[in-house]
Amino acid sequence: GVVFYVEEGGKSGMIMSMDQAYLKWSTENIYCNCNNPKDGSFNMQSIKYHDPTLEKHPAAKWCADHGEGWYLPASYELNLMWDAVSDGKHVFDYEFVKLYNDKLDDPIREDYYWSSNETTENMAEVVVFIDNSVICLEPYKTSPFYVRAIHKF
């Protein structure tokens, strides 16, 4: 993965996966109580409680399939990623984003990314990686959007 966030002191942080996918949040309208805006790993445990195999949650399953500790990020964690790849400007500057994309197998796109936060049984939040935006929209879980897994270190 590629480091996108380091905590003060430099001993912990987060990395993003080298790849991404275009998937649905879920295939059914089920509320999993994924309401922690800052900790996607907590939300992943809630999803697994309701769907142990993650078969009904393609985005979460794809992230978990990266291995132990990988998960679908919460909206706050995705906003940290957007801060990093936009140099804190929240503008999709292709030259700056290229610094990340040159290291990744699949480039970060100027588009919508699923978070692990849900708002209703049929809607979850996406974070918008588009100019001047960190808006969390609430699209239908059965719609496909980009997914990028993260891992804490």
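Trainee: Let's start with N117: is it buried or exposed?

Mentor: This is a predicted model, so keep in mind that we're reading computed values. Buried means under 20% relative accessible area. N117 has a relative accessible area of 3%, so it is buried.

Trainee: Where is N117 found, and what does it touch?

Mentor: N117 sits in strand β5. Leave out residues up to four places away in sequence, and its contacts are C34, N35, N36, P37, N43, A74, S75, A124 and E125. Remember A124 and E125, as both come back when we get to strand β6.

Trainee: How many residues of β5 are buried?

Mentor: Six of its seven, so β5 is mostly covered.

Trainee: And how many residues of strand β6 are buried?

Mentor: Five of the five residues in β6 (residues 124-128) are buried, so the rest of the structure largely encloses that strand. Check the side chains too: A124, V126 and V128 point one way, E125 and V127 point the other way, and all are buried.

Trainee: How should I read strand pairing in general?

Mentor: Strands of a sheet pair through backbone hydrogen bonds, and they do it either parallel or antiparallel. Here, β5 and β6 pair in the antiparallel sense over four bridges. They form a hairpin, with five residues between the two strands.

Trainee: Which residues stand opposite each other there?

Mentor: E118 faces A124 in β6, and Y113 stands opposite V127 in β6. V127 also has a bridge partner in β7, namely C136. That fits the next pairing along: β6 and strand β7 (residues 136-137) are antiparallel too, over two bridges.

Trainee: What is the order of the strands in the open sheet of four?

Mentor: The order is β1-β2-β9-β4, with antiparallel pairing. β1 and β4 (70-71) are the edge strands; each has a single partner strand, so one side of each is left without a neighbour in the sheet. Further in, strands β2 (residues 13-16) and β9 (residues 150-152) run antiparallel and are joined by three bridges. Within that sheet, M14 stands opposite K152 in β9.

Trainee: Which residues make the nonpolar surface patch?

Mentor: V3, V6 and F153 make it, and the patch covers about 250 Å². V3 belongs to strand β1 (residues 2-6), which is one of those edge strands. V3 counts as partly exposed because its relative accessibility is 42%, and the partly exposed class runs between 20% and 50%.

Trainee: Now a helix. Which residues of α1 are buried?

Mentor: In helix α1 (residues 40-50), the buried ones are G40, N43, M44, S46 and I47. Look down the axis of α1 and these residues fall within an arc of 160°, so they line one face of the helix.

Trainee: What do the buried residues of α1 pack against?

Mentor: They pack against α2 (58-64), β4, α3 (75-85) and β5 (112-118). That brings us back to where we started: N43 is one of the buried residues of α1, and N43 is also among the residues that N117 touches.

Technical notes: Residues are numbered from 1 along each chain as its sequence is written. This is a predicted model: local features need pLDDT of at least 70, side-chain atom pairs count only at pLDDT 80 or more; totals for chains, interfaces and linings use all residues. Side-chain values use heavy atoms; hydrogens and water are left out. Patches are made of residues with over 30% relative accessible area and no salt bridge: like charges are joined within 9 Å, nonpolar side chains (Val, Leu, Ile, Met, Phe, Trp, Tyr) within 5 Å. Accessible areas come from the Shrake-Rupley method with a 1.4 Å probe; for residues, only the protein chains shown count as cover. A salt bridge is a side-chain nitrogen of Lys or Arg within 4 Å of a carboxyl oxygen of Asp or Glu. Buried means under 20% relative accessible area, exposed over 50%, partly exposed in between (1.4 Å probe, protein chains only). Two strands pair if DSSP finds at least two bridges between them. The arc is that of the directions from the helix axis to the C-beta atoms. Contact means heavy atoms within 4.5 Å.
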